[in-house]
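Here is a brief report on a ligand site and on the backbone around it. Look at the sequence and the model first.

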Amino acid sequence: MQIRARLSMSADGYVTTPSGWPALTADPAFVPGQSHGIREFLADCEAALMGRTTFQPALTNSRWPWPDLDVFVLGSHRPEGTPDHVTTDDDPARLLEKVRAANRGGDVHLVGGPRTIATFHALGALDRLELVVLPLLFGGGSRLTPALSPDTGLTFLSQRALPGGAVEIVYSCAGRRGDLPGRPAEQV
Ligand SMILES: NC(=O)c1ccc[n+]([C@@H]2O[C@H](COP(=O)([O-])OP(=O)(O)OC[C@H]3O[C@@H](n4cnc5c(N)ncnc54)[C@H](OP(=O)(O)O)[C@@H]3O)[C@@H](O)[C@H]2O)c1
């Protein structure tokens with residue numbers, strides 16, 4: 001099981017639009033559940049893990065965003081209307097245990113947002129950071145940092161161009177920046 005954060009971001013580095021929606025939703029090429037390589041990504045995943053802020057809008061969506069995945073939500077309360085099959089917990093370590101206990105060998109899509117990605121990274125549980133960089137400039141919005149520490153070590157694994165002009169970049173997350181072998185902090 002790998003825990004894989006996958007985030008869309010604008011070419012100027014914002015993971016939300018200026019009004020707070022996930023960056024992907026601003027791309028004219030966005031088709032929910034279909035575009036930007038999500039089907040290939042989800043083929044390896046059996047669970048979705050996210051923070052309550054990211055989860056809550058799904059409760060009023062016309063389409064349930066995670067039809068084939070076990071869903072785990074980190075938050076201080078269980079939002080009203082949360083389906084019975086969704087697991088919630090207010091303790092990240094305990095929720096991580098539940099994710100691991102339920103796992104049948106597939107990967108976990110860590111949906112976000114930045115605070116929840118930082119939380120699981122602090123627990124040593126973030127295996128990959130996968131970015132989908134969109135051909136858009138926002139000029140404002142939220143960034144992944146500083147919620148996720150700028151000291152997070154990233155090691156390049158792969159990249160591919162996606163239809164519509166976005167680029168997917170996959171990093172493994174191991175250690176702090178200065179810990180990377182052969183790469184002193186001042187050079188990275
Ligand atoms: N670009 C993308 O691909 C993408 C993907 C997902 C989300 N987003 C965007 O990200 C934004 C939300 O991100 P966010 O970082 O503000 O929120 P978030 O990570 O989605 O959720 C934050 C909530 O998770 C719970 N939480 C997080 N860390 C915790 C910890 N250590 N202990 C206990 N509970 C913890 C808390 O819930 P309680 O408040 O209930 O305690 C906290 O308020 C949204 O604007 C969304 O559109 C973008």
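## Ligand site

The ligand occupies the largest pocket. A pocket is found on a 1 Å grid over the protein atoms alone, as an open set of points where a 1.4 Å probe fits, with protein on both sides within 12 Å along at least five of seven lines. A molecule sits in a pocket if more than half of its atoms lie within 2 Å of the pocket's grid points.

This is a predicted model: local features need pLDDT of at least 70, side-chain atom pairs count only at pLDDT 80 or more, and totals for chains, interfaces and linings use all residues. Residues are numbered from 1 along each chain as its sequence is written, and side-chain values use heavy atoms, with hydrogens and water left out.

The shell around the ligand holds 24 residues, with V15, G20, R52, T54 and T116 the closest. A residue belongs to it if one of its heavy atoms lies within 4 Å of the ligand. Nine of the shell residues are nonpolar, twelve polar and three charged. Here Ala, Val, Leu, Ile, Met, Phe, Trp, Tyr, Cys and Pro count as nonpolar, Asp, Glu, Lys and Arg as charged, and the others, Gly among them, as polar.

Polar contacts (pairs of N or O atoms within 3.5 Å) to oxygen atoms of the ligand include these:

| Residue | Protein atom | Distance to a ligand oxygen |
|---|---|---|
| G20 | backbone N or O | 2.7 Å |
| R52 | side-chain N or O | 2.5 Å |
| S76 | backbone N or O | 2.8 Å |

On its own the ligand has 930 Å² of accessible area, and the protein covers 80% of that. The areas come from the Shrake-Rupley method with a 1.4 Å probe.

Which elements supply at least two residues of the shell each? They are β1 (3-9), α2 (52-55), β5 (107-112) and α4 (114-122). The largest share, four residues, comes from α4. Helices (H or I, at least four residues) and strands (E, at least two) are DSSP runs, numbered from the N terminus.

## Backbone notes

Most residues other than glycine have a negative phi, and most peptide bonds are trans. Some places here depart from that. The G112 to G113 bond is cis, with omega near -10°. G113 lies in the loop between β5 and α4. T145 and P146 are also joined by a cis peptide bond, with omega about 5°. P146 is in the loop between β6 (128-133) and β7 (152-161). H36, not a glycine, has a positive phi of about 60°.

Key: Polar contact = N/O pair within 3.5 Å; in protein donor to acceptor, adjacent residues only side chain to side chain. 1 Å grid on protein atoms, 1.4 Å probe; cavity = no way out; pocket = protein on both sides within 12 Å on 5 of 7 lines; lining within 4 Å.
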